Amino acid sequence: MSNRPSTPLLDKVQSPADMKSLSDAQLVQLAGELRAETISAVSETGGHLGAGLGVVELTVALHAVFDAPKDKIIWDVSHQSYPHKILTGRRDRIRTLRQEGGLSGFTKRSESPYDPFGTAHSSTSISAALGFAAARDLGGHCEGGLGDAIAVIGDGALSGGMAFEAMNNAGHLKKRLFVILNDNEMSIAEPVGAMSSYLSRLYAGEPFQELKAAAKGAVSLLPEPFREGAKRAKDMLKHMTVGGTLFEELGFSYVGPIDGHDMDQLLAVLRTVKARAHGPVLIHAITKKGKGYAPAERAQDKGHATARFDVVTGKQAKAPSNAPSYTSVFADTLVGLAAKDPKICAVTAAMPDGTGLNRFMERYASRCFDVGIAEQHAVTFSAGLAAGGMRPFCAIYSTFLQRGYDQVVHDVAIQRLPVRFAIDRAGLVGADGATHAGSFDVAFLANLPDFVVMAAADEAELVRMVVTAAEYDAGPIAFRFPRGEGVGVEIPVGAKPLEIGKARMIRQGKGVALLSLGTRLQEVTLAAEALAARGISPTVVDARFAKPLDEEMILGLARDHEALITIEEGAIGGFGSHVAQLLAEHGIFDSGLKYRSMVLPDIFIDQASPKAMYDVAGLNAKDIEAKVLSVLGVASIGTQRA
Ligand SMILES: Cc1ncc(C[n+]2csc(CCOP(=O)(O)OP(=O)(O)O)c2C)c(N)n1
């Protein structure tokens, strides 16, 4: 308790209603206390720190001026929503952030009426806010009522196409809607792209800005005090660009740039737009990621994501690692291959560090592309690279590839273009929870004609799959691997490509065959060892490929065993379904094979440690063991011991 900050004013705020009686000066004090509380909480839980610190003043100002939950404040990505959670009745649980049974690290409708819309994937906030605004104008109803709709979106998230689709539509519908552009000149890494440069020019004082500043525009939106000539307002006006921006062209009134840490400016602008706006308004606030906490401000990623840390020193508590991460094994292998093959290139959607492609970027900058938070574009851009004779590796987390699915189907698969998909964070991911789980990629890729889909069982297999993908020019190919460290096996040197569609026998047994896809193989092996102690000796096979299936091997297993069980870290409709289809087509079930398919359950699993999440999923060694026993009709583990 002693390291908790003193927060006398914050202690009195149970909900935003308690802020309404505070003076502007007290709101400044509240922001200071909120910042200290956020730092203190994240030091205990780990999580997204920098983004939240950058919006502390904005959070206070929004809740002071608007009336949530009637007014809908929608945080894009919502990794910056911890201060919002503290102010909206969740302070007592803020130190459970991202833990099992605790608060989500993102906004979540089921968690609070103050979270009107769940997010975690970026660039959705303007669309959702516009939907609320349209529902309001059509007489819709929802919890807390329907008032103003406010989207808070970062400059990084603004690089996602959906944000533009929404602004285009909002400018057309002309509904009263507020978009706050939280511009900290940072994404997770340095922001990229022409939009980012454009935003910088908006406040860089270049001639462009001066011209635009003089232009006419949304003068009617100017705070009243501006016209009255109050000194402070005059100073603000000097910094304000009105009209003529890209946003204006899209039909928004543009107000800004304003200092997103200056409470007086924020309150004045928000009060004015609230009182006077009719159509869509974009407020451009300049903020600093990590603001007010020196170790975060100094860090390269501005404290984007952190482990638990010591508040005084900023030192993070990171567990020592025993094996290299899958991400680094992928990246190092690819960099090695790129040295020999100038056609290999790499594409990331704003995740150069997360995908390991920063290593590729350092060595081969001209062949490495960070396209911004733009997965759809990343996929089609890779398709273009492939059509142009390059060998693109499109490295996207499983969960984010979902956004580029039509591009995978329409631009890559139908044209049989050899795009190599490196799918990181496959399977359950832990603290980020359901929104980030990599559950669906096998299901949504293996159903596409001529797609090759592989899953690495360990880091040595990952190396082989990267090599296989590099050499495969016949069409699209994907390999998936999980978050975290490998299992510590030796990394092969000079690995040869795998034969497409061939599984690998791990141990030959009898009675029951365990056919594993991906890194559950470790749990399968543990289960097989436990079963051996009971006199049951399963055959264990690493499928390697979800598509094409090793039909010969699988049909052979079915023929030679009483029972066949598939195990995978993916949702229903994936590998196990393909195996079932194969067996059904060959009439195997007619002769009585006992077949089971262990997949992720048909629920969205909340955040916990990956191990605990796999317990919920029933995919750990004990679950596999129990499944074998039940299929073979042997008493279950519990009963037998009793
Ligand atoms: C569709 C999608 N792709 C990638 C990510 C991973 N991601 C989380 S936050 C982030 C950067 C967001 O930058 P910005 O919007 O500027 O917010 P900041 O963190 O700078 O406050 C990225 C790329 C995501 N959440 N969603």
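**Two helices and a ligand shell: worked exercises**

The buried residues of α16 have β7 (344-348), β9 (391-397), α17 (398-401) and α18 (405-413) as their packing partners. Keep in mind that this is a predicted model.

**Exercise 1.** Work out which residues of α16 are buried, and check what span its 13 residues should give.

*Solution.* Start with the length. Helix α16 covers residues 375-387, and at 1.5 Å a residue its 13 residues should span 18 Å; the end C-alpha atoms sit 18 Å apart, so the two agree. Next, go through the buried set: Glu 375, then Ala 378 through Ala 383 by way of Val 379, Thr 380, Phe 381 and Ser 382, and finally Leu 385 and Ala 386. Last, look just past the helix: Gly 389 follows α16 and has a positive phi, near 90°.

**Exercise 2.** Do the same for α21: which residues are buried, and what covers them?

*Solution.* First the span: α21 (residues 521-532) has 12 residues and reaches 16 Å between its first and last C-alpha, close to the expected 16 Å. Then the buried residues: Leu 521, Glu 523, Val 524, Thr 525, Ala 527, Ala 528 and Leu 531. An α-helix has 3.6 residues a turn, so residues three or four places apart point the same way. Now the cover, which includes the strands β13 (504-507), β14 (512-517), β15 (539-542) and β17 (563-568), plus helix α25 (621-632).

**Exercise 3.** Describe the shell around the ligand by class and by domain.

*Solution.* Sort by class: 9 nonpolar, 10 polar and 4 charged residues. Pick out the nearest of the 23: Ala 51, Ser 122, Gly 154, Gly 156 and Ala 157. Finally, assign domains: domain 1 (10-298) and domain 2 (326-480) each supply at least three residues.

Note on methods
Residues numbered from 1 in each chain as written. Predicted model: local features only at pLDDT ≥ 70, side-chain atom pairs only at ≥ 80, totals over all residues. Helix = DSSP H or I, 4+ residues; strand = E, 2+ residues; numbered from the N terminus. Expected span 1.5 Å × (residues − 1). Buried ≥ 20, exposed ≤ 12 C-beta atoms within 10 Å, placed from the backbone. Contact = placed C-beta atoms within 7 Å. Near = placed C-beta within 6 Å. Nonpolar A, V, L, I, M, F, W, Y, C, P; charged D, E, K, R; others polar. Domains from an automatic or database assignment.
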